[in-house]
Amino acid sequence: MRLNWKRTSVRDPDDYVGKDPERPHAYCRIYKTVANSSGQPWFWTASDGHVDLGTGYTASVKDAAELAEAAYWPKREKI
């Protein structure tokens with residue numbers, strides 16, 4: 001993992017944001033959902049702060065973080 005991942009709130013242990021220290025407006029976020037149509041509980045998203053770079057659902061928190069970063073880093077160089 002290359003982003004700085006932190007929980008978004010002490011009250012919600014299943015909600016995280018990953019920040020790029022060189023791009024304060026960009027972020028990745030992952031959180032556990034209650035229910036969704038995919039059957040995968042973890043939602044992930046990556047953004048440069050203005051444009052969605054990717055979103056999806058997966059089975060684990062680790063997979064969600066990896067997918068979010070995989071969507072973020074290749075596009076970061078082009079931002």
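Helices (H or I, at least four residues) and strands (E, at least two) are DSSP runs, numbered from the N terminus. The exercises below use these elements throughout.

This is a predicted model: local features need pLDDT of at least 70, side-chain atom pairs count only at pLDDT 80 or more, and totals for chains, interfaces and linings use all residues. Residues are numbered from 1 along each chain as its sequence is written, and side-chain values use heavy atoms, with hydrogens and water left out.

**Exercise 1. Lay out the fold.**

Task: state which elements the protein chain has, and in what order.

Solution.
- Step 1. Count the elements. The protein chain has one helix and five strands.
- Step 2. Read from the N terminus. The order is β-β-β-β-β-α.
- Step 3. Check the dimensions. Along the principal axes, the C-alpha atoms fill a box of roughly 35 × 25 × 20 Å.
- Step 4. Test against the globule rule. The radius of gyration is taken over C-alpha atoms, and the rule is 2.2 Å times the number of residues to the power 0.38. For 79 residues, a compact globule would have a value near 12 Å; the protein chain has 12 Å, which agrees.

**Exercise 2. Find the salt bridges and place them.**

Task: say how many salt bridges the whole structure holds, and describe where the partners lie.

Solution.
- Step 1. Apply the criterion. A salt bridge is a side-chain nitrogen of Lys or Arg within 4 Å of a carboxyl oxygen of Asp or Glu. The search finds two.
- Step 2. Take Arg-29. Its partner is Asp-15, with the closest N and O atoms 2.6 Å apart. Arg-29 lies in strand S3 (residues 23-32) and Asp-15 in strand S2 (residues 12-20), so this pair ties together parts that are 14 residues apart in sequence.
- Step 3. Classify that pair by exposure. Buried means under 20% relative accessible area, exposed over 50%, partly exposed in between (1.4 Å probe, protein chains only). Asp-15 is buried at 7%. Arg-29 is partly exposed at 31%.
- Step 4. Take Lys-62. Its partner is Glu-66, and the closest N and O atoms are 3.5 Å apart. Both residues lie in helix H1 (residues 61-76), four residues apart, about one turn of the helix.
- Step 5. Classify the second pair. Lys-62 is exposed at 54%, and Glu-66 is partly exposed at 37%.

**Exercise 3. Trace the hairpin of S4 and S5.**

Task: give the sense in which S4 and S5 pair, then follow Thr-58.

Solution.
- Step 1. Recall the rule. Two strands pair if DSSP finds at least two bridges between them.
- Step 2. Apply it. Strand S4 (residues 42-47) and strand S5 (residues 52-58) pair in the antiparallel sense over six bridges.
- Step 3. Inspect the connection. Four residues separate the strands, and Gly-49 takes a positive phi near 100° in this hairpin.
- Step 4. Locate one bridge. Trp-42 has Thr-58 of S5 as its bridge partner.
- Step 5. Examine Thr-58. Its relative accessible area is 10%, so it is buried.
- Step 6. List contacts (heavy atoms within 4.5 Å). Leaving aside neighbours within four places in sequence, Thr-58 is in contact with Gln-40, Pro-41, Trp-42, Trp-44, Asp-63, Ala-64 and Leu-67.

**Exercise 4. Dissect the core.**

Task: identify which residues have the most contacts inside the largest nonpolar core, and which element supplies the largest share of this core.

Solution.
- Step 1. Define the set. A nonpolar core is a set of buried Ala, Val, Leu, Ile, Met, Phe, Trp, Tyr and Cys residues joined through side-chain atoms within 4.5 Å.
- Step 2. Read off the core. The largest has 14 residues; Cys-28, Ile-30, Trp-44, Ala-46 and Tyr-72 have the most contacts inside it.
- Step 3. Assign the sources. S3, S4 and H1 each supply at least two residues of this core. H1 gives the largest share, six residues.
- Step 4. Follow Ile-30. Not counting residues up to four places away in sequence, Ile-30 touches residues including Trp-5, Tyr-16, Phe-43, Trp-44, Val-61 and Ala-68. Asp-15 is also among them.
- Step 5. Widen to the chain. Buried residues make up 34% of the 79 residues.

**Exercise 5. Compare two loop residues.**

Task: decide whether Val-10 and Ser-37 are buried or exposed.

Solution.
- Step 1. Place Val-10. This residue is found in the loop between strand S1 (4-9) and S2. At 71% relative accessible area, Val-10 is exposed.
- Step 2. Place Ser-37. This residue lies in the loop between S3 and S4. At 84% relative accessibility, Ser-37 is exposed.
- Step 3. Add a distance. The C-alpha atoms of Ser-37 and Lys-62 are separated by 20 Å, with their positions 25 residues apart along the chain.
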